[in-house]
Amino acid sequence: EEQVAAEISGLEEEREALARKLADARLRAEQAAASAALLYEKGKNELEPPVREALRALGADVRAPDREGIEDGLVSRPEGEAVLEIKGRKGPIKQEDVRQAVQWAADAKGRDGVDYKPLIVGNAHCETPPAERGDPLAPNALDYARNSGVAVLTTVQVYEALRERQEGTFDEPAFWRAVFSAKGPVEWPGSG
(Lines give C-alpha, C1' and ligand atoms only; values in the text may rest on other atoms or scores of the structure.)
Protein backbone atom coordinates (compact mmCIF):
# COMPACT_ATOMS: atom_id res chain seq x y z
CA GLU A 1 0.00 0.00 0.00
CA GLU A 2 2.79 2.44 0.88
CA GLN A 3 4.55 1.71 -2.38
CA VAL A 4 1.42 2.47 -4.42
CA ALA A 5 0.76 5.62 -2.36
CA ALA A 6 4.33 6.81 -3.06
CA GLU A 7 3.86 6.08 -6.77
CA ILE A 8 0.59 8.06 -6.80
CA SER A 9 2.25 10.93 -4.96
CA GLY A 10 5.10 10.98 -7.49
CA LEU A 11 2.68 10.93 -10.41
CA GLU A 12 0.68 13.80 -8.90
CA GLU A 13 3.88 15.85 -8.55
CA GLU A 14 4.72 15.11 -12.18
CA ARG A 15 1.19 16.13 -13.21
CA GLU A 16 1.51 19.42 -11.32
CA ALA A 17 4.89 20.09 -12.94
CA LEU A 18 3.41 19.37 -16.36
CA ALA A 19 0.44 21.65 -15.61
CA ARG A 20 2.88 24.47 -14.77
CA LYS A 21 4.84 23.82 -17.97
CA LEU A 22 1.61 23.79 -19.98
CA ALA A 23 0.45 27.08 -18.43
CA ASP A 24 3.86 28.63 -19.17
CA ALA A 25 3.75 27.41 -22.79
CA ARG A 26 0.23 28.81 -23.22
CA LEU A 27 1.37 32.17 -21.85
CA ARG A 28 4.34 32.22 -24.24
CA ALA A 29 2.03 31.36 -27.16
CA GLU A 30 -0.29 34.18 -26.15
CA GLN A 31 2.63 36.62 -25.96
CA ALA A 32 3.93 35.46 -29.34
CA ALA A 33 0.51 36.01 -30.91
CA ALA A 34 0.35 39.53 -29.45
CA SER A 35 3.85 40.23 -30.78
CA ALA A 36 2.82 38.98 -34.23
CA ALA A 37 -0.12 41.40 -34.15
CA LEU A 38 2.39 44.24 -33.74
CA LEU A 39 4.02 43.24 -37.02
CA TYR A 40 1.08 42.36 -39.24
CA GLU A 41 -2.19 43.85 -38.00
CA LYS A 42 -4.04 47.09 -38.55
CA GLY A 43 -7.26 48.39 -37.09
CA LYS A 44 -8.75 49.54 -33.85
CA ASN A 45 -9.44 46.12 -32.37
CA GLU A 46 -6.51 44.22 -33.85
CA LEU A 47 -3.55 46.62 -33.53
CA GLU A 48 -4.38 49.23 -30.90
CA PRO A 49 -4.71 46.96 -27.82
CA PRO A 50 -1.43 45.06 -28.50
CA VAL A 51 0.43 48.35 -29.04
CA ARG A 52 -0.86 49.82 -25.79
CA GLU A 53 0.02 46.60 -23.93
CA ALA A 54 3.50 46.54 -25.48
CA LEU A 55 4.16 50.14 -24.44
CA ARG A 56 3.10 49.23 -20.90
CA ALA A 57 5.51 46.29 -20.96
CA LEU A 58 8.24 48.73 -22.02
CA GLY A 59 7.68 50.86 -18.93
CA ALA A 60 5.05 53.45 -19.87
CA ASP A 61 1.81 54.24 -18.12
CA VAL A 62 -0.67 53.95 -20.99
CA ARG A 63 -4.30 54.93 -20.77
CA ALA A 64 -6.78 53.83 -23.42
CA PRO A 65 -9.11 56.51 -24.79
CA ASP A 66 -12.15 57.37 -22.70
CA ARG A 67 -14.40 57.58 -25.77
CA GLU A 68 -14.38 57.06 -29.53
CA GLY A 69 -13.20 59.83 -31.85
CA ILE A 70 -10.34 61.08 -29.72
CA GLU A 71 -6.72 59.97 -29.46
CA ASP A 72 -5.81 56.28 -29.37
CA GLY A 73 -4.40 56.64 -25.87
CA LEU A 74 -2.21 58.69 -23.57
CA VAL A 75 1.34 57.76 -22.59
CA SER A 76 2.96 58.97 -19.40
CA ARG A 77 6.65 58.65 -18.56
CA PRO A 78 9.12 60.70 -16.50
CA GLU A 79 10.35 62.05 -19.86
CA GLY A 80 6.94 63.51 -20.68
CA GLU A 81 3.37 62.94 -21.76
CA ALA A 82 2.31 61.81 -25.24
CA VAL A 83 -0.86 61.44 -27.23
CA LEU A 84 -1.00 58.19 -29.20
CA GLU A 85 -2.09 57.74 -32.76
CA ILE A 86 -1.81 54.04 -33.68
CA LYS A 87 -1.89 53.28 -37.40
CA GLY A 88 -1.62 50.19 -39.52
CA ARG A 89 -1.23 50.74 -43.24
CA LYS A 90 -0.59 48.60 -46.30
CA GLY A 91 1.74 51.39 -47.45
CA PRO A 92 3.56 54.18 -45.62
CA ILE A 93 2.14 56.40 -42.88
CA LYS A 94 0.41 59.30 -44.60
CA GLN A 95 0.48 63.05 -44.04
CA GLU A 96 -3.15 62.89 -42.85
CA ASP A 97 -2.04 60.49 -40.08
CA VAL A 98 0.57 63.00 -38.91
CA ARG A 99 -1.99 65.82 -39.05
CA GLN A 100 -4.36 63.73 -36.95
CA ALA A 101 -1.67 63.17 -34.28
CA VAL A 102 -0.99 66.92 -34.16
CA GLN A 103 -4.72 67.59 -33.84
CA TRP A 104 -5.11 65.00 -31.04
CA ALA A 105 -2.25 66.65 -29.13
CA ALA A 106 -3.82 70.11 -29.52
CA ASP A 107 -7.25 68.83 -28.48
CA ALA A 108 -5.79 67.04 -25.44
CA LYS A 109 -3.88 70.16 -24.40
CA GLY A 110 -7.11 72.17 -24.58
CA ARG A 111 -8.87 69.52 -22.52
CA ASP A 112 -6.14 68.73 -19.97
CA GLY A 113 -3.81 71.75 -20.06
CA VAL A 114 -0.84 69.43 -20.71
CA ASP A 115 1.72 69.82 -23.51
CA TYR A 116 1.47 66.38 -25.06
CA LYS A 117 4.01 65.01 -27.50
CA PRO A 118 2.25 63.70 -30.61
CA LEU A 119 3.33 60.05 -30.98
CA ILE A 120 2.45 57.82 -33.89
CA VAL A 121 3.07 54.12 -33.44
CA GLY A 122 2.82 52.87 -36.98
CA ASN A 123 2.68 49.50 -38.63
CA ALA A 124 3.50 50.71 -42.13
CA HIS A 125 3.65 48.19 -44.97
CA CYS A 126 1.92 45.72 -42.63
CA GLU A 127 1.41 43.09 -45.33
CA THR A 128 5.14 42.94 -46.13
CA PRO A 129 7.68 40.97 -44.06
CA PRO A 130 9.46 43.40 -41.69
CA ALA A 131 12.90 42.95 -43.31
CA GLU A 132 11.47 43.95 -46.72
CA ARG A 133 9.50 47.04 -45.67
CA GLY A 134 10.18 50.41 -47.21
CA ASP A 135 10.25 53.79 -45.53
CA PRO A 136 7.57 53.98 -42.85
CA LEU A 137 6.60 57.55 -43.78
CA ALA A 138 5.52 59.04 -47.09
CA PRO A 139 7.90 61.95 -48.01
CA ASN A 140 5.34 64.68 -47.26
CA ALA A 141 4.43 62.95 -43.99
CA LEU A 142 8.12 62.83 -43.03
CA ASP A 143 8.52 66.58 -43.56
CA TYR A 144 5.32 67.36 -41.67
CA ALA A 145 6.29 65.09 -38.76
CA ARG A 146 9.72 66.73 -38.47
CA ASN A 147 8.29 70.24 -38.67
CA SER A 148 5.53 69.49 -36.16
CA GLY A 149 7.63 67.57 -33.64
CA VAL A 150 5.69 64.33 -34.12
CA ALA A 151 7.56 61.19 -33.01
CA VAL A 152 7.03 58.20 -35.29
CA LEU A 153 7.81 54.84 -33.74
CA THR A 154 7.36 51.73 -35.85
CA THR A 155 5.78 48.58 -34.51
CA VAL A 156 8.94 46.78 -35.67
CA GLN A 157 10.90 48.96 -33.21
CA VAL A 158 8.38 48.16 -30.48
CA TYR A 159 8.73 44.45 -31.28
CA GLU A 160 12.52 44.73 -31.13
CA ALA A 161 12.31 46.56 -27.79
CA LEU A 162 10.12 43.79 -26.39
CA ARG A 163 12.60 41.20 -27.62
CA GLU A 164 15.47 43.07 -25.94
CA ARG A 165 13.44 43.38 -22.75
CA GLN A 166 12.88 39.63 -22.77
CA GLU A 167 16.64 39.05 -23.24
CA GLY A 168 17.50 41.52 -20.48
CA THR A 169 19.34 43.97 -22.79
CA PHE A 170 16.62 46.63 -23.07
CA ASP A 171 17.71 50.15 -22.06
CA GLU A 172 14.35 51.59 -21.01
CA PRO A 173 15.50 55.18 -20.29
CA ALA A 174 17.38 55.40 -23.62
CA PHE A 175 14.38 54.08 -25.52
CA TRP A 176 11.97 56.60 -24.02
CA ARG A 177 14.46 59.49 -24.36
CA ALA A 178 14.67 58.65 -28.07
CA VAL A 179 10.86 58.61 -28.35
CA PHE A 180 10.29 61.91 -26.54
CA SER A 181 13.12 63.74 -28.31
CA ALA A 182 12.19 62.56 -31.82
CA LYS A 183 10.94 64.90 -34.50
CA GLY A 184 9.98 62.42 -37.17
CA PRO A 185 11.24 58.84 -37.05
CA VAL A 186 12.48 57.68 -33.66
CA GLU A 187 16.19 56.98 -33.86
CA TRP A 188 16.82 54.35 -31.28
CA PRO A 189 20.11 52.41 -31.24
CA GLY A 190 18.38 49.17 -30.33
CA SER A 191 16.18 49.33 -33.43
CA GLY A 192 18.67 47.69 -35.67
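**Figure 1. Glu 12, a partly exposed residue with a relative accessible area of 38%.** Throughout these legends, buried denotes under 20% relative accessible area, exposed over 50%, and partly exposed the range in between, computed with a 1.4 Å probe on protein chains only. The model is predicted: local features need pLDDT of at least 70 and side-chain atom pairs count only at pLDDT 80 or more, while totals for chains, interfaces and linings use all residues. Residues are numbered from 1 along each chain as its sequence is written, and side-chain values use heavy atoms, with hydrogens and water left out. Glu 12 belongs to helix H1 (residues 2-40); helices (H or I, at least four residues) and strands (E, at least two) are DSSP runs numbered from the N terminus. Between the C-alpha atoms of Glu 12 and Leu 74 the separation is 47 Å, with these positions 62 residues apart along the chain.

**Figure 2. Gly 110 in helix H3 (residues 95-112).** Gly 110 is exposed, since its relative accessible area is 69%. From Gly 110 to Glu 30 the C-alpha to C-alpha distance is 39 Å, and the two residues are 80 residues apart in sequence.

**Figure 3. Helix H2 (residues 48-57) and the residue Gly 59 that follows.** Glu 48, Pro 50, Val 51, Arg 52, Ala 54 and Leu 55 are buried in H2. An α-helix has 3.6 residues a turn, so residues three or four places apart point the same way. Just after H2, the backbone at Gly 59 has a positive phi of about 105°.

**Figure 4. The open sheet of six strands, in the order S1-S2-S3-S4-S5-S6.** The pairing in this sheet is mixed; two strands pair if DSSP finds at least two bridges between them. Strand S1 (61-63) and S6 form the edges, each pairing on one side only.

**Figure 5. The antiparallel part of the sheet around strand S2 (residues 73-77).** S2 is largely enclosed by the rest of the structure, because four of its five residues are buried. S1 and S2 run antiparallel and are joined by three bridges, with Val 62 having Val 75 as its bridge partner in S2. Five bridges pair S2 with strand S3 (residues 80-88), again in the antiparallel sense. Here Val 75 faces Ala 82 in S3. The connection from S2 to S3 is a hairpin of two residues.

**Figure 6. Strand S5 (residues 151-154) and its parallel neighbours.** The residues of S5 are all buried: Ala 151 and Leu 153 point one way from the strand, and Val 152 and Thr 154 the other way. S4 and S5 run parallel and are joined by four bridges; Val 121 has Leu 153 as its bridge partner in S5. The chain passes from S4 to S5 through helix H4 (residues 139-148), making a right-handed β-α-β crossover. Right-handed here means that, with the strands pointing away from the viewer, the path from the first strand over the helix to the second runs clockwise. S5 also pairs in the parallel sense with strand S6 (residues 184-185), over two bridges, and Ala 151 stands opposite Gly 184 of S6.

**Figure 7. Two polar contacts made by residues of helix H5, Thr 155 and Glu 160.** A polar contact is a pair of N or O atoms within 3.5 Å; within protein, one must be able to donate a hydrogen and the other to accept it, and residues adjacent in sequence count only if both atoms are side-chain atoms. Thr 155 counts as buried because its relative accessibility is 0%, and its side chain makes a polar contact of 3.0 Å with the side chain of Asn 123. Glu 160 also counts as buried, at 18% relative accessibility. The side chains of Glu 160 and Arg 163 are in polar contact at 2.3 Å.

**Figure 8. The second largest pocket, with a volume of about 210 Å³.** Of its 14 lining residues, Arg 133, Gly 134, Pro 136, Thr 154 and Val 156 are the closest to the centre. Strand S4 (117-123) and helix H5 (155-167) each supply at least two lining residues; H5 gives the most, with three. The lining comprises four nonpolar, eight polar and two charged residues, where Ala, Val, Leu, Ile, Met, Phe, Trp, Tyr, Cys and Pro count as nonpolar, Asp, Glu, Lys and Arg as charged, and the others, Gly among them, as polar. On a 1 Å grid over the protein atoms alone, a pocket is an open set of points where a 1.4 Å probe fits, with protein on both sides within 12 Å along at least five of seven lines; lining residues have an atom within 4 Å of a point. Grid points are joined across faces, edges and corners, and the volume is the space filled by probe spheres set on the points.
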